[in-house]
Amino acid sequence: MHIKAYTETPNQYPERFPLAQNEVEWSKKCEGYAPIDFTSKVVLNQFAQSGQNGWADPDDVSMLAREIISLISELTFDENNRPINPMGRTGIAGRGLLGKWGPNFAGDPIVTRTNAATNKVDLLVIQRKDCLQWALPGGMVDKDEAPLETISRELKEETNVDLKFTDKDIVYQGYVDDMRNTDNAWMETTGAHKHIDYKESLTFELSANDDAQDVRWEEINDELFDKLFASHSKIVKFAVAGLILKMLNESISKVVSKIKP
Ligand code: RP5
């Protein structure tokens with residue numbers, strides 16, 4: 001846990017409190033654990049400017065006008081009523097670059113195609129402007145927005161691809177090992193998958209916009225898994241497993257239909 005958070009912390013973050021693997025779980029002892037409390041000025045200014053209507057919570061949790069609920073588990077709170085990261089210690093307290101106390105919800109589209117030229121499965125990826133890493137074209141859930149709406153909106157904004165997603169497309173809901181995570185604020189996402197016909201994919205007019213500086217199809221292989229942002233490889237693996245099962249089922253149905261009684 002916290003592999004990316006620990007090894008790829010954003011530049012503006014203070015150093016994370018050194019933790020051994022067996023000190024991450026809150027139930028395990030961690031002698032003298034004293035993480036620096038850090039919330040970015042960007043986050044504090046956002047609340048100062050926009051109040052409860054902006055994307056950032058007040059720094060004083062007692063002023064929160066909402067309940068803090070996670071997709072993962074029931075949350076526990078510290079002596080100052082701040083939510084505690086259910087996946088364990090991260091070495092930094094506060095919210096870092098994240099606006100919300102507790103889970104910060106995102107939506108991630110996983111769009112794949114079987115490349116007729118290579119016979120391999122490709123994934124639609126963007127290059128993020130903030131860290132230059134290749135990633136799913138996802139983003140934060142806006143106020144009063146359903147995650148499936150976020151997924152379509154972010155896909156359109158970052159790649160110019162227009163697709164609608166339904167509950168049946170959801171392949172992942174849970175924690176994201178994101179470099180911005182802290183002991184009191186972390187990412188949770190919903191990932192939804194669509195496998196597109198190759199000919200249809202050729203009609204897409206790909207264009208990188210918003211938080212993306214590049215967009216392209218990349219073959220799904222170990223090299224891609226090694227470089228994808230945050231937990232995106234794990235989310236794509238769930239989608240690929242579902243795709244393989246679907247293809248297997250279709251092949252079995254074809255064979256069965258040919259068997260004469
Ligand atoms: C990741 O950060 C999520 O999986 C999602 O892709 C992304 C949302 O953050 P922004 O792209 O809005 O920075 O944890």
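**Ligand shell, strands and loops in a predicted model**

User: How far from an oxygen atom of the ligand does a polar side-chain atom of His232 lie?
Analyst: This is a predicted model, and every distance here is computed from it. His232 is one of the residues around the ligand. A polar contact needs N or O atoms within 3.5 Å. The polar side-chain atom of His232 falls inside that cut-off, with a distance to the ligand oxygen of 2.9 Å.

User: How much of the accessible area that the ligand has on its own does the protein cover?
Analyst: On its own, the ligand has 360 Å² of accessible area. The part covered by the protein is 93%.

User: What are the distances from a ligand oxygen atom to the side chains of Asp108 and Arg180?
Analyst: Both residues belong to the shell around the ligand. For Asp108, an N or O atom of the side chain sits 2.6 Å from an oxygen atom of the ligand. For Arg180, the corresponding distance from a side-chain N or O atom is 2.8 Å. The values are 2.6 Å for Asp108 and 2.8 Å for Arg180.

User: How do the residues of the shell divide into nonpolar, polar and charged?
Analyst: Among the residues around the ligand are Ala106, Met140, Val176 and Phe229. Asp108, Arg128, Asp178 and Arg180 are there too. By class, the shell holds 5 nonpolar, 3 polar and 4 charged.

User: Which strands each supply at least two residues of the shell around the ligand?
Analyst: The shell includes Ala106 and Asp108, and also Gly139 and Met140. Two strands, spanning 102-114 and 139-140, each give at least two shell residues. They are strand 3 and strand 6.

User: Is Arg180 buried or exposed?
Analyst: Arg180 sits in the loop that links strand 7 (170-176) to strand 8 (185-196). Beyond its sequence neighbours within four places, its contacts include Pro10, Tyr13, Leu97, Met187 and Phe229. Buried means under 20% relative accessible area. Arg180 has 16%, so it is buried.

User: Where is His232 found, and is it buried or exposed?
Analyst: His232 belongs to helix 6, residues 232-258. Leaving aside neighbours within four places in sequence, it contacts Asp108, Ala135 and Leu136. Its side chain also reaches the backbone nitrogen of Leu136 at 3.0 Å. So we have a residue of helix 6 that, at 5% relative accessibility, is buried.

User: How many bridges join strand 8 to strand 3, and how many join it to strand 7?
Analyst: Strand 8 is mostly covered, with 10 of its 12 residues buried. It runs parallel to strand 3, and Gly102 stands opposite Ala185. It runs antiparallel to strand 7, where Tyr172 has Gly191 as its bridge partner. The bridges to strand 3 number 12; those to strand 7 number 6.

User: What is the phi of Asn81, and is this residue buried or exposed?
Analyst: Asn81 is in the loop between helix 2 (41-50) and strand 2 (92-96). It is not a glycine, yet its phi is positive, at about 70°. Exposed means over 50% relative accessible area. Asn81 has 54%, so it is exposed.

User: Where does Asn119 lie, and what is its relative accessibility?
Analyst: Asn119 is not a glycine either, and it has a positive phi of about 65°. Its place is the loop between strand 3 and strand 4 (121-128). It counts as exposed, with a relative accessibility of 65%.

Methods. Residues numbered from 1 in each chain as written. Predicted model: local features only at pLDDT ≥ 70, side-chain atom pairs only at ≥ 80, totals over all residues. Heavy atoms only, no water. Near = heavy atom within 4 Å. Polar contact = N/O pair within 3.5 Å; in protein donor to acceptor, adjacent residues only side chain to side chain. Areas by Shrake-Rupley, 256 points an atom, 1.4 Å probe, with all protein chains shown as cover. Helix = DSSP H or I, 4+ residues; strand = E, 2+ residues; numbered from the N terminus. Nonpolar A, V, L, I, M, F, W, Y, C, P; charged D, E, K, R; others polar. Buried < 20%, exposed > 50% of the residue type's maximum accessible area, 1.4 Å probe, protein only. Contact = heavy atoms within 4.5 Å. Pairing = 2+ DSSP bridges.
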